[in-house]
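Biologist: I have a two-chain model open and I want to learn how to read it. Where do we start?

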Amino acid sequence: MKKPSPKRKHSEAALQQSWQSVETRLRGAAQAAPRRGFANRWLANWQLEEQRIRRRRQRWLLAANGLVWLLFFAPPAWALWNALSQPAATFTAAVAYLAQATAFGWTLLRVLTSVLSATPLPLWVATSASLLGLLAVWAMLFQQGSYKKELG
Amino acid sequence: MQRDEGKWLGQALQGDAAAFASLVDMYAKPVYNLCYRMLGNPQDAEDAAQETFLRAFRHLRRYDPQRKFATWLLSIAANYCIDQHRRARPTLTALDEGPLEPAEKAPGPEGRALAREQRDEVQALLAGLAPRDRAAIILYYWYDHSYEEIARQLSISQGALKTRMHRARRSLAAAWAEEHGEPLFATRRSYEKAIP
């Protein structure tokens, strides 16, 4: 076996010594402590966090609600728009109708927003799911009807 | 104390923030110390410790009662601090201030000065380590956690942890030697013999 060189022996000893010093320092080092009132500050932070969570949840509810109503109203609105915009003479009537519809939609949205922000999440999810279900059923029936017409 | 902890945990699981605040009070010091050792500055440590407790309360349902609550909290704190390092690199280590309790009721200004000097020394040594290695060293030497616990806390294998610990010890010893003017010519193999 090769004999270790004096240089290597020295370095091993130095490392061992260094490590012992480091270990002693690590084991003997003080524990840092926070400023007084840490738990009270946490409680205050939690209250802020809770508000943030509530606001975030409301925003999501609102967005999801908007999407559901858009899906619900889009097909009849599209059909109506098509019917009204066909003859050129009825164009002004269509614009007037749309303006009225927008105003009505805006009022409806505001009412729904206030109702939904007070509605518990499970109830809202159940309502939205059933509305989407209805929409799907309606779409299927609609499709079936047009198919039969084509055959007839 | 253990019974209180169980009671507070039960209440906190029902959403009682005041009960959780009692747990915060109980574990503020170890969590803060870990954050301070990881981040090296009191303000960041305070923020990290607060965030740790917020996360713990938000995800309390994920806590496995088979494990120690302190271990779970420390793993959240360690991983949060590692993320902080990843986000804000390079981090400057502030050694000038720090709300430390005296090491062992240090008598008078001399003892306090000594404790401060040692703390600065330790903090400077730790600052040279990679965040995950630093977390491993802190959990091992300050909290006496086993390799198995640390590996689970840091989501790494025990083999990887051993490698990290070895690398961290080697780095600390080398930094110490350099700081104190001790010449080192160690090869990796010779060092492995010198350090357990």
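Modeller: With helix length. The expected span of a helix is 1.5 Å times one less than its number of residues. This model is predicted. Take helix α3 (residues 91-117) of chain A, which has 27 residues. Its first and last C-alpha atoms are 38 Å apart, close to the 39 Å expected.

Biologist: Which helix falls short of the span of a straight one?

Modeller: Helix α2 (residues 17-39) of chain B. With 23 residues, a straight helix would span 33 Å. This one spans only 27 Å between its end C-alpha atoms.

Biologist: Where does α2(B) have a kink?

Modeller: Look at B:Tyr27, where the kink is about 55°. The proline B:Pro30 comes shortly after that point. After α2(B) comes B:Gly40, with a positive phi near 75°.

Biologist: Next, the overall make-up. How many helices and strands are in each chain?

Modeller: Chain A has four helices and zero strands. Its pattern along the sequence is α-α-α-α. Chain B has nine helices and zero strands.

Biologist: And burial? What share of each chain is buried?

Modeller: Count neighbours: a residue is buried if 20 or more other C-beta atoms lie within 10 Å of its own. In chain A, 10% of the 152 residues pass. In chain B, 34% of the 196 residues do.

Biologist: Can I read burial helix by helix?

Modeller: Yes. α3(A) is hardly covered, with zero buried residues among its 27. α6(B) is mostly covered, with eight of its eleven residues buried. The buried residues of α6(B) include charged names as well as nonpolar ones, so read the list itself: B:Arg132, B:Asp133, B:Arg134, B:Ala135, B:Ala136, B:Ile137, B:Ile138 and B:Leu139.Biologist: What holds for nonpolar side chains in general?

Modeller: In soluble globular proteins, they tend to be buried together. In this model, the largest nonpolar core has 55 residues. Those touching the most other members are B:Val24, B:Val31, B:Cys35, B:Ala49, B:Ala77, B:Ala78 and B:Cys81.

Biologist: Which helix gives the most to this core?

Modeller: α2(B), with 13 residues. The core also draws on both domains of chain B: at least three residues come from each of domain 1 (1-92) and domain 2 (110-196).

Biologist: Pick one core residue. What is B:Val24 in contact with, beyond its neighbours within four places in sequence?

Modeller: B:Val24 is in contact with A:Phe38, A:Ala39, A:Trp42 and B:Phe53. Three of those names carry the chain letter A.

Biologist: How do I read contacts over a whole chain?

Modeller: Ask how far apart the partners sit in sequence. In chain B, take the contacts with a separation of 6 or more. Residues 24 or more positions apart account for 61% of them.

Biologist: What about a single pair in chain A? How far apart are A:Ala64 and A:Val125?

Modeller: They are 61 residues apart along the chain, and their C-alpha atoms are separated by 9.7 Å. A:Ala64 lies in helix α2 (residues 38-85) of chain A.

Biologist: Why does A:Ala64 count as partly exposed?

Modeller: Because it has 14 other C-beta atoms within 10 Å. Partly exposed lies between the cut-off for exposed, 12 or fewer, and that for buried, 20 or more.

Biologist: Now backbone angles. Which residues other than glycine have a positive phi?

Modeller: B:Asp144 is one of them, with a phi of about 55°. B:Ser155 is another, with a phi near 55°.

Biologist: Where do they lie?

Modeller: B:Asp144 is in the loop between α6 (131-141) and α7 (147-153) of chain B. B:Ser155 is in the loop between α7 and α8 (158-179) of chain B.

Biologist: Are B:Asp144 and B:Ser155 buried or exposed?

Modeller: B:Asp144 counts as exposed because it has 9 C-beta neighbours inside 10 Å. B:Ser155 counts as exposed with 10.

Biologist: Last topic: confidence. What does chain B average?

Modeller: Chain B averages a pLDDT of 81, and 75% of the residues score at least 70. Within chain B, confidence is highest in helix α3 (residues 42-58), at 95. Confidence is lowest in helix α9 (residues 188-194), at a mean of 47.

Biologist: Which stretches of chain B have a pLDDT below 50?

Modeller: Residues 91-107 are one of them, with 40 contacts in the model beyond near neighbours in sequence. Residues 185-194 also stay under 50, and the model has 16 contacts for them beyond four places in sequence.

Biologist: What scores does the complex get?

Modeller: The predictor gives the complex an ipTM of 0.73 and a pTM of 0.65.

How values were computed: Residues are numbered from 1 along each chain as its sequence is written. Chains are lettered from A and ligands numbered from 1 in the order in which they are written. This is a predicted model: local features need pLDDT of at least 70, side-chain atom pairs count only at pLDDT 80 or more; totals for chains, interfaces and linings use all residues. Helices (H or I, at least four residues) and strands (E, at least two) are DSSP runs, numbered from the N terminus. The bend at a residue is the angle between axes fitted to the seven residues ending there and the seven starting there. A nonpolar core is a set of buried Ala, Val, Leu, Ile, Met, Phe, Trp, Tyr and Cys residues joined through C-beta atoms within 7 Å. Domain bounds come from an automatic or database domain assignment. Two residues are in contact if their C-beta atoms, placed from the backbone, lie within 7 Å. pLDDT is the predictor's confidence in each residue, from 0 to 100.
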